[in-house]
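Please walk through the model below with a focus on backbone geometry, sheet architecture and helix packing.

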Amino acid sequence: MSVIQNLWLCCPRTQPLLFKILPRIYVAFSPRGSTIWCHSMSQATKVSSFPDGVEQVVDNNALGVPKVEILKQKMELLGINLDNSCLPGQYHNLFCPKCKGGKLKERSLSFHIIPDCEFAMWRCFRAKCGWAGRVFANDSNLHGYGQMTEESLGLEPLGPKLIAYFKERQISEKTLSRNAVRQMSESKEIIAFTYKQNGLLVGCKFRTMEKRFWQVKGTEKMLYGIDDINHASEVIIVEGEIDKLSLEEAGFQNCVSVPGGAPGKVSKDLPPIEKDTAYQYLWNWKEYFDKVVRIILATDNDPPGRALADELAKRLGQERCWQVHWPKKDDTNCFKDANEVLKYMGADTLKRIVENAEPYTIAHY
């Protein structure tokens, strides 16, 4: 390639044109996972197979332009104009091009480029808007939320084997259907928990029956079942998707699950919101929790689960938190979580236990 051609390819004005006209070539193998994405005629990108992560891109910018510049150019196509003050690794409040900040013209769009500049993500916190999405530096597509589909992720309705698996755990087909629990089309034993916001598919976590987890790369950490607490004055927080489904069997739909399990220990100091990355899924939906008057913590009955309850209470306010105490299984052991109680003691007992949660401040005297 000539020097002039190289200069032309590196020109900032050339990049948006290239993203539109260069085709994306897929070479799919079986089983699902090993795929080659060709972003230019001279360089390709390899995508690793699960369980390390769906769409796990391993590539540098094929055209030699800094990733942060590519991300900014892609954002301009969506109407988000970034200046030099928008640095990677920081959160920025910008004007939302969809709702224009409403009547108050507020900077309601939270925008973030991750430190390694692999992708950028954004969310408008105005309740009437909620526009959110992400773009990748090494991907020719714009991943606005609402563009992801079950078909694009290779999902299908649950088959007999997984329905039987959930039935053994006392979770009905009705609950599975309402929460859009699916399976991978090419592996009938892999569960897909679909994450939705405003009814749109925005992420997916996969789980084997042997309890191995992974998720679509670039999925923002968010609470599972977030739409169920949009207008709730009382919220229940659990530690896993199956526990959220279990509480629904007991009559509670106002329940969400944290996205990434529990911490190893309780942190000593509460970091500033912008640096509280491990719990950003709480701050991203602060508007929802501001309306809540009572929060029931129904985390696992083990050291990490108790640590998670402590971390949540510190951030959400101990004065409005209640804590569930799981009953004894035998003389020495207690039930671990909501699904164990549902499975061995039934939905009515689970409901009664949750209703008898103690105020957090009393439970920790």
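In this predicted model, A180 sits in the loop that runs between α5 (173-178) and β11 (181-184). The phi angle of A180 is near 50 degrees, which is a positive value in a residue that is not glycine. Is A180 buried or exposed? A180 counts as buried because its relative accessibility is 4%, and the cut-off for buried is under 20%.

A second residue with such a backbone angle is K100. K100 is not a glycine either, yet its phi is positive, at about 60 degrees. K100 lies in the loop between β5 (91-94) and β6 (109-113).

The loop that holds A180 leads to β11, and β11 belongs to an open sheet of 5 strands. The strand order in this sheet is β10-β11-β12-β13-β14, and the pairing is antiparallel. Which strands stand at the edges? They are β10 (155-157) and β14 (213-215); each has a single partner strand, so one side of each is left without a neighbour in the sheet. On average, neighbouring strands of the sheet are turned by 40 degrees against each other, with direction ignored.

Within the sheet, β11 pairs with β12 (residues 187-197) in the antiparallel sense, over 4 bridges. In this part of the sheet, V181 stands opposite F193 in β12.

Two helices pack on the sheet. Helix α4 (residues 160-168) touches β11, β12 and β13 (200-208), and the direction of α4 makes about 70 degrees with that of β12. Helix α6 (residues 241-249) also packs on the sheet, touching β11, β12 and β13. For α6, the angle to the direction of β12 is about 75 degrees.

Helix-to-helix packing can be followed at α10 (residues 338-345) and α11 (residues 347-355). The axes of α10 and α11 are 7 Å apart, and the two helices pack at an angle of about 140 degrees. Why are they described as oblique? Roughly antiparallel requires an angle over 145 degrees, and roughly perpendicular covers 65 to 115; α10 and α11 are therefore oblique to each other. On the α10 side, the contact is made by A338, V341, L342 and M345. On the α11 side, A347, T349, L350 and I353 take part. By class, the contact of α10 with α11 has 7 nonpolar residues and 1 polar residue, with no charged residues.

Notes. Residues numbered from 1 in each chain as written. Predicted model: local features only at pLDDT ≥ 70, side-chain atom pairs only at ≥ 80, totals over all residues. Heavy atoms only, no water. Buried < 20%, exposed > 50% of the residue type's maximum accessible area, 1.4 Å probe, protein only. Axes fitted to C-alpha atoms, helices over the stretch in contact; angles between N-to-C directions. Parallel < 35°, antiparallel > 145°, perpendicular 65-115°, else oblique. Contact = heavy atoms within 4.5 Å. Nonpolar A, V, L, I, M, F, W, Y, C, P; charged D, E, K, R; others polar. Pairing = 2+ DSSP bridges.
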